Amino acid sequence: MDDVVAEDISSWRASLDDVCARIAGVFGRAEPRRWARSYLTGLLAPVERKNSWQLSEAAGAVSPDGCQHFLNRARWSADAVRDQVRSYVAESLASPDGVLVIDETGFVKKGLRSAGVQRQYSGTAGRVENCQLGVFLAYAGRSGRALIDRELYLPESWIADRDRCADAGIPEYRWEQGVLTKSRLAEAMVDRALAAGVVAGWLAADSAYGRDGKFRAFLEARRMSYVVEVPIKQTVPDTDGRRRVDTLIGRAPGEAWRRVSCGPGVRGEREYDFAWATLPEFDDTPTGFVRTLLARRSIDDPTDIAYYLCFHPDTVTREQIVAVAGARWAIEECFQAAKGQCGLDHYQVRKWDPWYRHITMAMLAHAFLAVTAATDPKAHAGWAESQSPRSAVSWR
């Protein structure tokens, strides 16, 4: 940008120094500490492919040996860095109405040796690919959003093959746990965030997680308000049985629909028509909370309807619910920025620990950009350049 001056660059470097100081204690020796800074700086630099070779060149190294040692053999904990990423984001971006967002992204790979790789559906590619799947937790606050946790999904084909797991460096404790679904991985990350004191009022997720009743029960047991998308065939309890969500929404009176914006998009406000209904209460509904059903209908195509199950205090407004539903897209923006600007998917490692190490360092780089953009309007602009029978439900 034309208006960037030396003072701006100096300020951003000082902020990067602070971030490096936060993680310095994770590294017991000076060499990996220096490589951590070089690796982070390289991820933030305009390097075309942020793999060991090009990051080494950016650091002035004559070979990738030091970088590869940092990822593969040096003694340091990616989880300890992850904890610092989470606290850094929480301290800088958290607010009482902040939203935790769960989603997964795919990493297309060749061959069969990369930990967790197999032919499986990747939402990133929109088709079945030979890929790894990472489940991520993002934090979306008023001033910014960033990734704060990650887990690599291990399919059953890997869990059933211990020799293959051993070759990929997968810890014994992990394959002894058996297959952990993506929802169980999501629960572990949410538990860690709450135990660490992350301030968040809501959780949002797509239908891959919203349709899982155990996942919703997990959140409700922790009094964690949520807005989760569910498939069209999802059923909910009514006074005389269970009904599909599309059946209930199909009976919504015209006055139940309201046009509301779920937040700004690249083409302006993202407006949809929303209908919102209170579901009947049963003995398991916590005092002061309600379960509701939200539908989002396209203005251009009224047949295009998304459905959400919600759990929250009974004082919540329609606008709050809609805002949380719209906040789910924050994690897609995080994936796009972390891959496009910080090399989240540029790694060339196959084993378990190096995957976590690269992914976590890329998350830290993205968090630095997000926090800097939230606190410095000039940085924000620079970054911007480079969501039948009578029913017992009551319509709100």
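This is a short talk about some aromatic rings, a helix and a glycine in one protein model.

Hi everyone. Just so we're clear, the model is predicted. Let's start with the rings.

There are 15 aromatic pairs in the structure. Take Y39 and F70: their ring centres are 5.6 Å apart and the planes make an angle of 40°, so we call the pair tilted, as stacked needs under 30 degrees and edge-to-face over 60. Y39 belongs to helix α2 and F70 to helix α4, so this pair ties together parts that are 31 residues apart in sequence. Both Y39 and F70 are buried.

Next up, Y226 and F311. These two are stacked, with 5.6 Å between centres and 25° between planes. Y226 sits in strand β6 and F311 in strand β12, 85 residues apart, and the pair links those distant parts of the chain. How accessible is Y226? Just 2% in relative terms, so Y226 counts as buried. F311 is buried too, at 0%.

There's also a cluster: ring pairs join up F107, F136, F335, Y347, W352, W355 and Y356. Two of those names come back in a moment.

F335 is one of the buried residues in helix α14. That helix runs over residues 330-342 and spans 17 Å, close to the expected 18 Å. Right after α14 comes G343, with a positive phi near 70°.

And W355? Among the residues in contact with G134 are W355, F107 and E151. G134 itself is in strand β3, buried with 0% relative accessible area.

Last thing, charges over rings. K182 has its charged end over the ring of Y153, 5.1 Å from the centre, and R328 lies over the face of W329 at 4.6 Å. Thanks!

Key:
Residues numbered from 1 in each chain as written. Predicted model: local features only at pLDDT ≥ 70, side-chain atom pairs only at ≥ 80, totals over all residues. Heavy atoms only, no water. Helix = DSSP H or I, 4+ residues; strand = E, 2+ residues; numbered from the N terminus. Expected span 1.5 Å × (residues − 1). Buried < 20%, exposed > 50% of the residue type's maximum accessible area, 1.4 Å probe, protein only. Contact = heavy atoms within 4.5 Å. Phe/Tyr/Trp six-rings, centres within 6.5 Å; stacked < 30°, edge-to-face > 60°. Lys NZ or Arg CZ within 6 Å of the ring centre and 35° of its normal. Lists of a residue's contacts leave out its neighbours within four places in sequence.
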